[in-house]
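Student: I've got a model open and I'd like to learn how to read it. Can you walk me through a few features?

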Amino acid sequence: MGVFEGLLLGFETAMRPETLLYCFFGVFLGTLIGVLPGIGTLATISLLLPVTYHIAPIPALVMLAGVWYGAQYGGSIASILLNLPGTPSSAVVCLDGYPMTQQGRAGVALFVTTIASFIGSMLGILALVLFTPAIAAIALQFGPAEYFTMMLLGLVAASTIAAGTPAKGLAMVVLGLLLGTVGTDVNSGVARFHFGFAQLRDGISLVALAMGFFGIAEVINSVNRKTSAAIREKFTLRSMLPTRTDLRQSALPVLRGTGVGSFFGALPGTGTSIASFMAYALEKRVARDPSRFGKGAIEGIAAPEASNNAAAQTAFVPTLALGIPGCATMALMLGALIIHGIQPGPLFISQQPEMFWGLVVSFGIGNILLVILNLPLIGVWVSILRTPYRLLYPAILIFICIGVFSVRNNPFDIYIVALMGVMGYVLARFGFSAAPLLLGFVLGPLMEETLRRTLLLSRGDPAVFIERPISATFLAITAVLLIWGCYGSIRSSQSRRAAMQAQAEARSAE
Amino acid sequence: MKQKDIGDILGGALMIGFGIFAMIYAQRYSFGSVSQMGPGFFPVVLGGVLAVLGALIILPALARPGPDLEFNWKTLFFVIGAIIVFAFTLRPLGLIVATMAAVLLAASAERKFSLKGRVLLAAGIAALVFVIFRVGLRMNIPVWPRGF
């Protein structure tokens, strides 16, 4: 099927009233939770997972994806107005966005970030349409050995690049893989780690795990934290219009940001936050006068916003073409597909053309809706920013409980949420990030399956992983990442020790 | 500056604990061989890897100062308590009672929140979930105490 027929089919799917409604609901909710610091995309999508059991797969995915890219728009509003990032990926927008607010140019900043987000998203969707079929075509030749090493590479990349020290990230991946083994083993029919609970024979529910690790842990961290100071600005459309200089200065940064974002979004383990930081760093490097940055340079908000929105779209490339999610949110999307009995992979586009093209077109529609939601309605979002968190979090908790209960009509899963919440909170305090754990949990069963099949076919000879060129390449990149990660953590450990020593010496010298 | 990196040491120990537990517990499942893996193979190997990673986290942390750990025990207690109360009371007492009890408990985590405010919030959220989940989504969930 060509791109043109695909897009036609996509339009037909995405323009159905039901799909449109869920698309609108998704981007609306995405903007809302993007605006509010203290409720993240992951928590919201895990909260919505139970809902997806009750609706058709296409509207379900359209809605979840809408939350994901909608939050990228909303996140910058709090960054610009309060110097408080609504989402991690818009943290870098604080650097130049908040100074613009102090100079009375908040309206312009909001306008430029919205337009930059829109252009970044649209070009990101284009990259998604071009690259997904190409990558899927390559992946058609993959056997279980390639699949296993590719997942290994993805997990190692996610744990060594994205989060803190590599050893801690890897430990979380392995813990996630272990949690994924709970329940009935498909090959032998043996129920593993059920501790006598019949409910655990079906495994730990993804919904309960995600809500515990992301929803509950986030609520506990956000209670009693200071939030929104008074915002005085009033926004009229006229105050938001940028000058001609503003537009000229942000045109190229938006394009560069889009390029950076499209690239990093599609890589496993990098994601939207790294994409926006990279775009900011690039702008600072190519600028004629780098000293303007941090004082309200318009390039400093245009490039990162284009970048994280492009990345949010291309993040779907590995998820849909290979069935390998690059970040925790994509792991949840994959989980939602698996709930509906759809396993994405190289055959996804040809077997589920309606879903692939429907999703792509709905992304386009969603982004247009987002511009409409963000520009004229900015005042609404600003007033929502003033809602105190103490009124929100008890409601969030109840929604989590009811949502988890509704999946299997069983209070048992609510206890699992409590257990996972305690684990998630304690581990987060120890400095362990939960995203690699979720990736491991989702990929675990498939990894075990491919490992088993590879070694069964090779009659137990592990050399098969090195003899096949593609698999060997994946392993080599994995090894490089591991060595690089070890080196980096030794160096940062040494410099931390040196810094602490210097501090102690300075103190004793006084 | 004798403070050690407590977070990494305790976290690493936790990982070693999980790993060893998985290895021992999975002994009851057949291990099989590399070419014919049994249900015990993957968990035992993963447990071993996790324990090794735990050790790798602890070792450098022993010789390195780290930040102090901050735990918000009170919030953790109220939030987790609210979830457990909800799970415990939902079946016998129904959605309305369970929601109000859980909200009252959860809202106690916030320092500046009057009793009257908490009661109003609890009633408001109970009404909201009733409208959304029972009236709107027609979910099959017990609403009132059993016998009513």
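Student: How many residues does each of chain A and chain B put into the contact?

Tutor: Keep in mind that this is a predicted model. Interface size is often quoted as the accessible area lost when the parts come together. Here we'll go by residues: 59 residues from chain B and 55 residues from chain A make up the contact.

Student: Which elements of chain B give two or more residues to the side that touches chain A?

Tutor: Those are helices H1 (6–25), H2 (41–62), H3 (73–107) and H4 (115–136) of chain B. H3(B) gives the largest share, 16 residues.

Student: And what classes of residue are on that side of chain B?

Tutor: There are 42 nonpolar, 12 polar and five charged residues on the side of chain B that touches chain A.

Student: Which domains does the assignment give for chain B?

Tutor: Domain 1 covers 6–62 and domain 2 covers 73–136. Their C-alpha centres lie 38 Å apart.

Student: Let's zoom in on chain A. Is Val207(A) buried or exposed?

Tutor: The trick is to count neighbours: 20 or more other C-beta atoms within 10 Å means buried. Val207(A) has 28, so it is buried. You'll find Val207(A) in helix H9 (residues 206–222) of chain A.

Student: What does Val207(A) touch, leaving out residues up to four places away in sequence?

Tutor: Val207(A) touches Ser46(A), Leu49(A), Pro50(A), Val404(A) and Val407(A).

Student: How does Val3(A) count on that scale?

Tutor: Val3(A) counts as partly exposed, because it has 13 C-beta neighbours inside 10 Å. This residue lies in helix H1 (residues 3–14) of chain A. Sequence distance and spatial distance are separate things to check, too: Val3(A) and Pro133(A) are 130 residues apart along the chain, with their C-alpha atoms separated by 9.8 Å.

Student: Now backbone angles. What should I look for in phi?

Tutor: Most residues other than glycine have a negative phi. Now look at Phe195(A): it isn't a glycine, yet its phi is positive, about 50 degrees. Phe195(A) is in the loop between strand E2 (191–192) and H9 of chain A.

Student: Why is Phe195(A) classed as exposed?

Tutor: The cut-off for exposed is 12 or fewer other C-beta atoms within 10 Å. Phe195(A) has 7, so it is exposed.

Student: What about Asn409(A), where does that residue lie?

Tutor: Asn409(A) is in the loop between helix H19 (389–408) and helix H20 (412–429) of chain A. Its phi is positive, near 50 degrees. Asn409(A) is exposed, with 10 other C-beta atoms within 10 Å.

Technical notes:
Residues are numbered from 1 along each chain as its sequence is written. Chains are lettered from A and ligands numbered from 1 in the order in which they are written. This is a predicted model: local features need pLDDT of at least 70, side-chain atom pairs count only at pLDDT 80 or more; totals for chains, interfaces and linings use all residues. Two residues are in contact if their C-beta atoms, placed from the backbone, lie within 7 Å. Helices (H or I, at least four residues) and strands (E, at least two) are DSSP runs, numbered from the N terminus. Ala, Val, Leu, Ile, Met, Phe, Trp, Tyr, Cys and Pro count as nonpolar, Asp, Glu, Lys and Arg as charged, and the others, Gly among them, as polar. Domain bounds come from an automatic or database domain assignment.
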